[in-house]
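Open the model in your viewer and keep the sequence panel beside it. The tour goes one selection at a time.

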Amino acid sequence: MTWLIALAVIAGVPLLIAMYAAGVYNHLVTLKNRFANSFSQIEIQLKRRYDLIPNLVETVKAYMTHERETLEAVVRARGIAVTGLQQAAANPGDPQAMRALSGAEQGLSGALGKLFALAEAYPDLKANQNMIQLSEEITSTENKVSFARQAYNDSATEYNTYKQTFPPIIFASMFGHATNAELLKFDAAVIADAPKVSFS
Amino acid sequence: MSAAPVSRTAVATTSFFARQDKARRSTFFLLVMFCLATIVIVVAVAAVVAMVSSAATDQPGQFEVNRSALPILAGAATLLLILGGSFFKIIALRAGGGAAVAESLGGIRLYPNSTDPVERRLLNVVEEMAIASGVPVPPVYFLSQEPGINAFAAGYSTSDAVLGVTRGCAEELTREELQGVLAHEFSHLLNGDMRIGIRVMGVLYGILLMGLVGQLIFRSVGYAGQFRSRNDEKSGNPAMAVLLIGLALIVIGFIGTFLGNLIKAAISRQRERLADASGVQFTRNPAGLAGALKRIGALEMGSQLQAPNAAQASHIFFAEGVWKNMAGLWSSHPPLAERIRELDPSWDGKYPNVGSSNRLIASELANPSLGTSSLVGTGPTAGIPLQVVDRAVKHIGNPTMAHVQYAAEMRPMIPEAILLAARTPYAARAIVLTLLLHKDQAIRSQQIQSLKKLVTEDVVALVAQLMPEMDGLDPRVRLPLVDISLPALAAMSQPQYRQFIEALQTLTLADGQLDLFEWVLSQIVLRHLRPHFEDSRPAPVTIRPLPLLSQACAVVMSAVAYGGNSDLEAARAFASAAASLPELQITLQSRNQCNLSALRKALAELTQASSQNQGRLVNACAKSISADGHATLEEFELLRGISDLLDCPMPPLLSK
C-alpha cells in the first residue's frame with residue numbers, strides 16, 4: 001500500500017507541477033501578446049496621424065497665405081517623424097530608435113500646435129467644413145495615440161507584475177520571458193504639446 | 001492632513017484599482033451566494049418530498065418505487081427543471097445578439113463613414129475607448145429619438161456586442177464626459193457583464209419555472225383530488241402528498257425568485273461600480289465620468305428612455321433607464337449621488353445648472369487649452385480661508401469639473417480685445433510683458449525704457465496701447481490670461497523667443513526685489529515655453545529619499561516662510577512647516593540663503609524626490625502659509641508656483 005502511495009506521489013507531483021507550468025506558460029503568452037498588440041496600435045495611430053497631416057496642410061494652405069514658414073515646418077516635422085517611425089518599427093524595442101521617434105513626435109506636435117494657434121486668427125478657415133472634420137480627426141487621433149500608450153503601459157505592467165510574482169517567477173525565464181517589458185515614458189513636454197483642437 | 005497629496009496618477013491608480021478589486025470580490029461573493037441559493041432550493045424540494053413521502057404513504061403497494069430514492073429523484077428533477085428553464089431562457093436572450101436589443105429600443109446603426117459632426121465625434125470617442133480598453137470596436141447604435149442621457153452595452157460576448165448611445169448623450173456631453181460614459185460601457189464589454197447578467201436571469205427564470213410547475217401540480221391535483229376524495233377515500237393520502245409537494249414548490253419558487261432578484265440587483269450594482277472604476281482606468285480622468293453623472297442628475301429627463309421596450313432592458317443601461325420608485329435593494333444601479341461621490345469625493349451634492357450645459361461645451365470648444373494641467377486662476381485678493389488652501393492642496397494635479405467650469409466662467413471677464421491679442425503670437429508677448437509692469441509709475445517708466453532696448457518698437461507700442469485696458473483687469477484673471485497666451489507664445493520664432501525671455505527676466509528684476517506674482521508668472525511662462533524652443537530632454541529620473549534633499553527642502557520652506565512675513569513670523573511659520581516633515585533635521589535659512597537663484601536650484605534638485613514626498617513638501621508649505629491664521633493671495637500664488645515647478649500643478653482656488 002505504501003509503495004502505491006509513494007508511486008502516486010512520485011508520478012503525481014511532477015504531473016501537477018507540469019500542469020501548473022503549462023498554465024503559467026499560457027498566461028505569459030496571453031499577456032505578452034496583449035501588450036504587443038497595444039504597441040502595434042500606437043504604430044497604427046501614429047501612421048494615421050501622419051496620413052492626416054498632408055490633408056490638413058492642403059486645406060489650410062488656401063487660407064493661410066502668409067504663413068508659409070509654419071506650413072513648411074509642419075511638413076518637415078512630419079517627414080522626420082515618418083522616418084523615425086519606420087526606424088522604430090524596424091527595430092522594435094531599440095531604445096535609440098524609440099528616443100529618436102519620441103523626439104520627432106515632439107517636434108511634430110510643436111509644429112502642429114503652432115499651426116493651430118495661428119489658425120485661430122482665420123475665421124473663414126475655422127468655419128470651413130473640411131477643417132472642422134480634420135480637426136476632429138486629428139484630435140481623436142491624438143487621443144488614440146495617448147490611449148494606446150496608456151493601454152500599452154497598463155498591459156506591459158500587468159505582464160511584468162505577473163512574471164515577477166511567485167510562483168510564476170520560477171518558470172518565467174525558463175519559458176523565454178526573462179526580460180521585463182519596457183514601459184513607455186511620457187515626456188511631460190509631449191503631453192503638454194498635444195494640440196487639443198476644436199472649432200465651434 | 002496625515003494623508004499626503006500625491007500626483008494625479010498615484011491618487012487615481014490606488015483608488016480605481018482598489019475599487020475594481022472590491023467590486024470583483026463582491027461579485028464573486030454574490031455569485032457564490034446565488035449558486036448556494038440554487039442548491040438550497042434543490043435540497044429543500046428533496047427534503048419536502050422526503051418528509052411527505054415518509055408521512056403520507058402508510059399503505060403498502062401504493063408506491064412501488066424505492067422510497068429512499070424518491071427525494072433524490074425529486075431533487076434531480078428540480079435541478080433539471082431549473083437548468084432546462086435557464087438554458088432556454090439564455091438561448092432566447094442571446095438570440096439576435098446585441099443588435100436585436102439595440103434595434104428593439106429604436107437604435108439606428110452608425111457607419112464609420114458618417115460625416116455628421118455629432119456622430120463623427122461619437123464614433124471617434126468609441127474608437128478611442130476601444131483602444132484604451134483593448135476591446136475590439138463594437139457596432140454603435142444611435143437612439144436618435146431619446147433626449148435623455150444614457151448608453152448601454154448589449155450582447156452576449158464581445159463578438160456580438162453592440163453599444164447604444166442616446167441622442168442626449170451624444171449631444172449634451174463634453175468630449176471628456178462622453179469618454180467617461182463610453183469607457184464605463186467598454187468595461188461592461190471587457191468584464192463580460194452582459195454574460196453574467198444573462199446567465200443570472202436564465203437561472204432566475206428556471207426558478208420561476210419551478211414555481212410555475214408547482215402551481216400547475218397544485219391546480220391539476222387539486223381539481224382531481226376534489227373528485228377523487230368523494231369517490232375514493234383511500235386515495236386521498238397520495239393526492240394530498242402531491243398537493244403538498246406542489247404547494248412546497250410554489251412557496252420555494254416564490255422565495256427563490258424573491259431572493260434571486262435581490263442578488264441579481266446586487267450583482268448588477270457591483271458591476272456598475274466595477275465599470276465606473278474601470279472607466280477611470282481607461283480615461284485616467286474621474287472628472288469626465290463624474291461630470292456626465294452630474295449632468296444626468298441635473299437634467300429633468302435625466303437618463304430616462306422613452307422607447308416602449310426600455311423596461312425590459314433596464315439592467316443594461318449606463319444609468320437607470322426607467323423611472324422606478326423602488327427601494328435601493330431592487331435597483332440595478334447604485335444611487336447617482338453615491339456614484340458621483342466615489343469619483344469626486346469633494347462634490348458638494350449640487351447638480352450643475354441645466355441651462356448651462358451647452359454653453360459650457362461651447363466655451364470649452366472655443367478655448368481648448370483650459371483643460372490642461374496649467375489651469376490657473378486665483379481667488380479674491382483679500383484673504384483666503386484656510387480650508388480653501390487646504391482643499392486646493394488636496395486637488396493637486398487633479399482639477400475637477402468645477403475647476404474647468406470656473407475657468408470657463410472666467411473668460412467673459414476678459415475684454416474681447418485682450419482675448420484676441422492673447423491668441424495672436426505677436427500681441428501675446430505684449431500681453432505677458434504688460435502684466436509684469438509695476439503699478440508704481442516711476443518704476444514703470446524705467447521698465448519701459450529698458451524694454452525699448454530689448455524688444456522691437458512695435459511690441460513696445462503694443463504694450464503702451466494695451467496698458468490702460470490691462471490696468472483695469474480683474475486681478476483674478478491675470479494668471480488665466482497667461483494661460484490663454486501660452487499657445488500663441490509657443491508659435492514665436494527662435495530669435496523672438498530669446499528676445500522675449502530676456503525682456504521677461506529684465507522686467508521681473510527691474511524693481512530689484514523678488515515679487516511673488518512676477519516670479520510665479522515668469523516661472524509658468526518659462527516652464528511651458530522652454531520645451532518648444534530649447535532642447536530639454538527630460539533628465540533620467542533618479543528618485544532620492546527626502547533626507548538626502550533636506551537642504552533643498554529647507555531653502556524652499558524658508559522662502560515660503562519669509563514670503564510677506566517678518567523674521568519672527570517667518571520662524572513660527574517655518575517651525576509649523578518643519579513639524580510635518582519630522583524625518584528632516586532642517587533649520588530656517590537666512591533671507592540671503594533663499595534668494596531667487598537658490599530657490600530655483602533647490603526646486604530643480606527636488607524634482608528628484610518621489611511624487612509622494614513632493615506632495616508632502618507642498619503640504620508643509622501650505623502649513624507654513626496657514627501658520628499665522630490667514631493666507632494671502634500672494635502666499636497662495638507662491639505655493640502654486642512651487643507646486644507647478646515640482647510637476648504637481650495645483651488647480652486654481654475656487655472662490656466659493
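Select Ala153(B) and look across to β4(B): the bridge partner there is Leu163(B). This is a predicted model.

Now widen the selection to both strands. β3(B) and β4(B) are paired in the antiparallel sense, with four bridges. Colour β3(B), residues 151–154 of chain B, by side-chain direction. Ala151(B) and Ala153(B) point one way, while Phe152(B) and Ala154(B) point the other way. All of these residues are buried. Side chains in a regular strand alternate between the two faces of the sheet.

**Across to β2(B)**

Keep β4(B), residues 162–166, and add β2(B). Which way do these two strands run? They run parallel, joined by four bridges. For one rung of this pairing, pick Tyr141(B): Gly164(B) is the bridge partner in β4(B).

Next, show the side chains of β2(B), residues 140–143. Val140(B) and Phe142(B) point one way from the strand. Tyr141(B) and Leu143(B) point the other way. Which are buried, and which way do they point? Both pairs are buried, one pair to each side.

**On to β1(B)**

Add residues 108–110 of chain B, which form β1(B). The pairing of β1(B) with β2(B) is antiparallel and has three bridges. Select Leu110(B) to find a facing residue: Val140(B) in β2(B) stands opposite.

**A helix pair**

Leave the strands. Select α16(B), residues 441–454, and α19(B), residues 494–509. Their axes come within 10 Å and cross at roughly 160°. Angles over 145 degrees count as roughly antiparallel, and α16(B) and α19(B) are therefore roughly antiparallel to each other. The crossing of the two helices is right-handed. Which residues make the contact? From α16(B), show Gln447(B), Ser450(B), Leu451(B) and Leu454(B). From α19(B), show Gln499(B), Glu502(B), Ala503(B), Thr506(B) and Leu507(B).

**The loop before α16(B)**

Step back to Leu437(B), in the loop between α15 (425–435) and α16 of chain B. Is Leu437(B) buried or exposed? Leu437(B) counts as buried because it has 20 C-beta neighbours inside 10 Å, and the cut-off for buried is 20 or more. Leaving out residues up to four places away in sequence, Leu437(B) touches Arg444(B), Gln447(B) and Met467(B). Gln447(B) also belongs to the contact between α16(B) and α19(B). Then set a distance from Leu437(B) to Val463(B), C-alpha to C-alpha. The value is 9.6 Å, for residues 26 apart in sequence.

**One side of α14(B)**

Select residues 416–423 of chain B, helix α14. Highlight Ile418(B), Ala421(B) and Ala422(B), which are buried. Why do they sit on the same side of α14(B)? They cover an arc of only 100° around the axis, which puts them there.

**Zoom out**

Show the whole of chain B: 25 helices and six strands. Of its 656 residues, 47% count as buried. Take the contacts in chain B between residues at least 6 apart in sequence: 80% of these join residues at least 24 apart.

Finish on chain A. Seven helices and zero strands make up its secondary-structure count, so the pattern to follow along the sequence is α-α-α-α-α-α-α. Buried residues account for 36% of the 200 residues in chain A. Among chain A contacts with a separation of 6 or more, 81% come from residues 24 or more positions apart.

Conventions:
Residues are numbered from 1 along each chain as its sequence is written. Chains are lettered from A and ligands numbered from 1 in the order in which they are written. This is a predicted model: local features need pLDDT of at least 70, side-chain atom pairs count only at pLDDT 80 or more; totals for chains, interfaces and linings use all residues. A residue is buried if 20 or more other C-beta atoms lie within 10 Å of its own, exposed if 12 or fewer, and partly exposed in between; C-beta atoms are placed from the backbone. The arc is that of the directions from the helix axis to the C-beta atoms. Two strands pair if DSSP finds at least two bridges between them. Two residues are in contact if their C-beta atoms, placed from the backbone, lie within 7 Å. Axes are lines fitted to C-alpha atoms, for helices over the stretch in contact, and angles run from 0 to 180 degrees between N-to-C directions. Angles under 35 degrees count as roughly parallel, over 145 as roughly antiparallel, 65 to 115 as roughly perpendicular and the rest as oblique. A crossing is left-handed if the near helix is turned anticlockwise from the far one by less than a right angle, and right-handed if clockwise.
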